[in-house]
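Got the viewer open? Let's go on a short walk through some charged side chains, one selection at a time.

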Amino acid sequence: MIIENPQESRKEWLKIIFAYHAKFNKRTGEMQFWTHENHAIELYRTEMIESRMNYIHENPVRAGIIEKPEDYMCSSARNYAGLEGLITVDHW
């Protein structure tokens, strides 16, 4: 979809990036969009769940997109901070 979108200004750059990463993975074709470097773990303790959730909530802060996790509109961190989010969240 990115390659075919006439409004995507980064099309050529993204094409180079996707092709570069596909070179190092035998499971992909000419381009790779998703990473294959995830490390799935079973979350069996409350502390582990909270730790991973905090890590996810902090991602946009580490990326420099926002200053506080609850400032990111697409994050459940808003719900946990007592703010209205884009989705309804059943609190852990």
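Select Arg-45 to start: in this predicted model, Arg-45 is partly exposed, with 39% relative accessibility. Now add Glu-47 to your selection. The two form a salt bridge, and their closest N and O atoms sit 3.4 Å apart.

How many salt bridges does a search of the whole structure find? The search turns up 2, so there's one more stop of this kind, where Glu-8 and Arg-10 meet through their side chains. Side chains of opposite charge can pair when their charged atoms come close.

Select Glu-8 and Arg-10 together. Here the N to O distance is 2.8 Å. Try a surface view on each partner in turn: Glu-8 counts as buried because its relative accessibility is 16%, under the 20% cut-off. Arg-10, on the other hand, is partly exposed at 46%.

Next, click on Lys-11, which belongs to helix α1, the stretch covering residues 11-22. Does Lys-11 sit buried or exposed? It's buried, yet Lys-11 has no salt bridge. Look for the nearest side chain of opposite charge and you'll land on Glu-12, 6.1 Å away. A salt bridge needs the atoms within 4 Å.

So what is around Lys-11? Skip the neighbours within four places in sequence, then select Ile-2, Ile-3, Asn-5 and Pro-6: Lys-11 is in contact with these residues. Zoom in on Asn-5 for the last stop. Its backbone oxygen lies 3.1 Å from a polar atom of the Lys-11 side chain.

Key: Residues numbered from 1 in each chain as written. Predicted model: local features only at pLDDT ≥ 70, side-chain atom pairs only at ≥ 80, totals over all residues. Heavy atoms only, no water. Helix = DSSP H or I, 4+ residues; strand = E, 2+ residues; numbered from the N terminus. Buried < 20%, exposed > 50% of the residue type's maximum accessible area, 1.4 Å probe, protein only. Lys, Arg positive; Asp, Glu negative; His and termini not counted. Polar contact = N/O pair within 3.5 Å; in protein donor to acceptor, adjacent residues only side chain to side chain. Contact = heavy atoms within 4.5 Å.
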